[in-house]
Amino acid sequence: MDVLKFTTAGSVDDGKSTLIGRLLFDSNSISKDQIDAIQKVSDRKGNDYLDLSLLTDGLLAEREQGITIDVSYKYFTSEKRRFIIADCPGHVEYTRNMITGTSDSDLIIILIDARAGIIEQTKRHFYIASMMEINEVVVCVNKMDLVDYDENKFNQIQEDFMKMAQRINGNDSKQTISFIPISALKGENIVKTSDNFNWFKGPTVFDFLENVNLSKRIENKFRFPVQYVIRPQSEVITDYRGFAGRVMSGSINVGDEITVLPSQKKSKVKQIDVFDQQNNSLDYKEYGTILLEDEIDLSRGDLMVKTGEEPQLFKEINATICWVNEAPFQNKKYILKYGTMQTYCKIASINKKLEIHELNFEQADGTIALNDICKVTLKTAFPIPLDRYDEVKYNGCFILVDEQTNMTIASGIIN
Amino acid sequence: MFPKELESEAIFILREVAAQFDNPALLFSGGKDSITLMRLAQKAFYPNKIPFTIMHVDTGHNFPETIEFRDRLMKELNANLIVKYVQDSIDQNKAVEETGKYASRNALQTVTLLDGIEEMKFDACIGGARRDEEKARAKERIFSVRDDFGQWDAKNQRPELWHFLNGKINHGENVRVFPISNWTELDVWSYIKQEEIEIPSVYYSHQRQCFIRDGVIFPYSNHVNMDGEEIFEETVRFRTIGDMTCTAAVKSEAATIDKVIEEIKAAEISERGARIDDQRSEAAMEDRKKAGYF
């Protein structure tokens with residue numbers, strides 16, 4: 001069974017939490033006591049209907065204000081697939097949460113209020129999803145019940161969206177954009193179909209999620225950041241030296257030639273252990289322990305790749321970063337974490353800053369604050385082996401950590 | 001069917017803990033989630049031993065079956081177990097025994113836990129909590145930083161991007177780590193089945209002395225303050241194992257793992273619905289987490 005991770009985005013009242021509540025409720029993923037619990041709160045608030053958004057808004061402050069202030073995770077399972085939802089808030093000041101939610105997602109659902117059509121937030125969310133290389137985009141045109149299920153309205157929004165996508169991405173063929181008209185409140189076209197949408201021939205949201213093809217996310221170049229060296233200090237097991245990790249991209253077989261970066265040392269895969277079993281190969285996202293033919297110097301943080309597929313080593317990196325902390329940029333060294341390694345870096349220059357309303361990169365003014373997206377040049381203390389984010393996702397990203405506060409202060413992708 | 005990716009993610013997290021921290025502990029409760037963690041840790045570092053201290057906070061009100069099971073498992077894995085007792089915290093006047101018919105030591109565990117962490121100077125504590133259990137937990141990070149007082153600040157959490165886990169902390173702080181955050185109750189059971197993991201017998205159908213309180217079946221033991229309820233024999237099992245005073249039983253004939261999984265798939269009540277400690281108020285878990293509870 002595979003796992004589909006997706007995130008939801010939309011403006012404050014577009015009904016994200018209601019949509020998720022619906023997906024869970026109509027797919028029977030909610031237990032009776034959870035329904036009873038939200039029924040109680042729903043009644044107390046004087047709602048006429050069961051407020052399904054209460055299923056995702058977990059914190060007290062959220063339930064009081066009726067908004068979502070943090071990423072919330074929800075789960076459901078179908079016959080075919082296991083789903084993980086990162087429910088992201090719609091407020092503009094929470095751009096960082098959307099970056100967080102999309103960083104590990106395969107797909108994004110963008111909600112649009114059928115009455116309002118495409119608004120600034122829609123553009124922004126689509127822009128961020130594209131930047132984060134989310135190649136499956138599902139646009140749910142919600143509140144169709146409030147526009148009399150008007151097909152023309154739906155078609156118009158679809159047309160407007162495609163124009164916007166074209167403007168933002170050019171002819172980026174990697175991305176697939178699908179449109180589904182829904183009413184989250186009434187549960188129409190979420191899990192169950194509805195006669196009101198007899199003009200719509202596409203799948204429901206649930207059907208779409210269950211059947212969408214995920215093979216696109218598997219990249220080919222083998223990338224294995226060494227996490228941990230397993231060397232038992234035991235009298236029974238001698239000479240065992242295994243390099244434990246998880247495959248971030250591609251796959252590897254016993255007998256393959258490998259190169260270790262940054263040292264450039266070479267060897268051959270002798271054995272692949274997965275717990276007490278020996279495997280012939282290790283695939284994308286699988287964990288395992290690799291043993292090599294030669295005794296080469298290798299430790300946590302080193303990157304193992306197939307010989308002939310080495311990424312370049314960089315001391316100067318052009319990247320797009322998003323500032324995710326309240327403390328603004330200071331001209332000092334930061335810790336850069338990539339793969340399983342870390343090094344120091346400095347932001348040598350801030351080249352451009354994204355103007356979030358017009359979505360243009362403009363001349364930067366030397367400052368970076370919370371939620372800012374900037375193109376920067378970084379200088380690192382050591383040369384590091386990185387790929388372009390759009391080529392090898394998990395080896396083309398990094399985070400910056402402030403040494404004084406220990407907080408993660410920026411996310412970055414390699415251009 | 002168990003989704004393989006979840007195991008791989010959990011093992012990645014456990015290895016990050018071993019690599020990023022000096023003195024990590026795995027918090028063992030004797031329940032199926034922490035038993036699952038033990039299995040994952042065994043797989044993550046094989047053929048090495050599990051590189052964590054295993055800490056059990058013993059309320060003194062555990063099921064005897066749990067304690068017997070714990071000791072056997074630790075011996076089998078050659079694990080380094082330490083036990084901290086809630087009774088000691090009570091004797092030192094750090095915790096006050098609750099009174100009345102609902103008296104439970106569940107909340108008192110937090111005191112013993114925080115003292116244990118401080119005394120042992122653990123910088124990371126791995127727990128088996130899952131986001132599907134409860135609404136406040138759905139918001140918590142995989143690496144969840146706690147301050148000097150063990151408190152959780154929900155509004156000031158570190159964003160977790162891609163696979164990166166930032167375990168940098170100040171002296172005195174510690175990180176709670178939740179490797180099976182993304183698992184559901186059913187995933188845990190499917191994994192137990194797939195891996196043929198042994199679990200305490202009380203998870204399967206058995207005969208037990210019970211009583212009914214507030215419409216819920218509870219196990220009778222001398223830790224419970226009875227309020228004139230009638231005690232009777234019933235065929236039950238437990239979906240979750242906590243303190244005996246606040247863990248409800250379900251009537252069940254499910255004596256095998258397959259039957260248990262069938263039953264969970266059909267169940268209308270969620271797992272934590274069987275824990276009265278969560279039903280004390282709408283934000284019961286959030287409040288306890290802020291105070292340092294797991």
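The dialogue below goes through a predicted model, from the overall form of chain B to its contacts and a few backbone details.

Trainee: Where do I start with chain B, and what secondary structure does it have?

Mentor: Start with the elements: chain B has eight helices and 10 strands. Then take the extent of the C-alpha trace, which spans about 55 × 45 × 35 Å along its principal axes.

Trainee: What does the radius of gyration of chain B agree with?

Mentor: The value is set against the one expected for a compact globule of equal length. For 294 residues that would be near 19 Å, and chain B has 18 Å, so the two agree.

Trainee: How is chain B divided into domains?

Mentor: Domain 1 is made of two segments, 4-188 and 282-290, while domain 2 covers 202-277. Their centres, taken over C-alpha atoms, are 24 Å apart. The contact between them takes 28 residues from domain 1 and 26 residues from domain 2.

Trainee: How much area is buried between these domains, and how many salt bridges cross the interface?

Mentor: Read area and pairings together. About 2,300 Å² is buried between domain 1 and domain 2 of chain B, with carbon and sulfur atoms giving 51% of it. The rule finds three salt bridges across this interface. In chain B, Glu65(B) forms a salt bridge with Arg208(B), where the closest N and O atoms are 3.0 Å apart. The count of residue pairs in polar contact is 11, with both residues at pLDDT 80 or more.

Trainee: Which helices of domain 1 supply the side that touches domain 2 of chain B?

Mentor: At least two residues each come from H2, H3 (64-77), H6 (185-195) and H8 (284-290) of chain B. By residue class, that side of domain 1 divides into seven nonpolar, 10 polar and 11 charged residues.

Trainee: Now the interface between the chains. How many residues of chain B are in contact with chain A?

Mentor: The contact joins 60 residues of chain B to 74 residues of chain A. Together the two chains bury about 5,900 Å², and 57% of this lies on carbon and sulfur atoms.

Trainee: How many salt bridges and polar contacts does the rule find across the interface of chain B and chain A?

Mentor: There are five salt bridges across the interface of chain B and chain A. Glu286(A) forms a salt bridge with Lys4(B), and the closest N and O atoms are 2.8 Å apart. The rule also finds 19 residue pairs in polar contact, both residues being at pLDDT 80 or more.

Trainee: Which helix gives the most to the side of chain B that touches chain A?

Mentor: Helices H1 (4-20) and H2 (32-45) of chain B each supply at least two residues of that side. H1(B) gives the most, with 13 residues. Over the whole side of chain B that touches chain A, the residues divide into 25 nonpolar, 14 polar and 21 charged.

Trainee: What should I look for in the backbone?

Mentor: Look for departures from the usual pattern: most peptide bonds are trans, and most residues other than glycine have a negative phi.

Trainee: Where are the cis peptide bonds you would show me, and what is their omega?

Mentor: The bond from Leu261(A) to Pro262(A) is cis, with omega near 10°. Pro262(A) sits in the loop between strands S11 (257-261) and S12 (265-274) of chain A. In chain B, the bond from Tyr46(B) to Pro47(B) is cis, with omega near 0°. Pro47(B) is in the loop between H2 and strand S2 (53-58) of chain B.

Trainee: And what is phi of Asp239(A)?

Mentor: Asp239(A) has a positive phi, near 65°, although the residue is not glycine. Asp239(A) lies in the loop between strands S8 (228-230) and S9 (242-246) of chain A.

How values were computed
Residues numbered from 1 in each chain as written. Chains lettered and ligands numbered in written order. Predicted model: local features only at pLDDT ≥ 70, side-chain atom pairs only at ≥ 80, totals over all residues. Heavy atoms only, no water. Contact = heavy atoms within 4.5 Å. Buried area = accessible area lost by both parts, 1.4 Å probe. Salt bridge = Lys/Arg side-chain N within 4 Å of Asp/Glu carboxyl O. Polar contact = N/O pair within 3.5 Å; in protein donor to acceptor, adjacent residues only side chain to side chain. Helix = DSSP H or I, 4+ residues; strand = E, 2+ residues; numbered from the N terminus. Nonpolar A, V, L, I, M, F, W, Y, C, P; charged D, E, K, R; others polar. Domains from an automatic or database assignment. Rg over C-alpha atoms; globule rule 2.2 N^0.38 Å.
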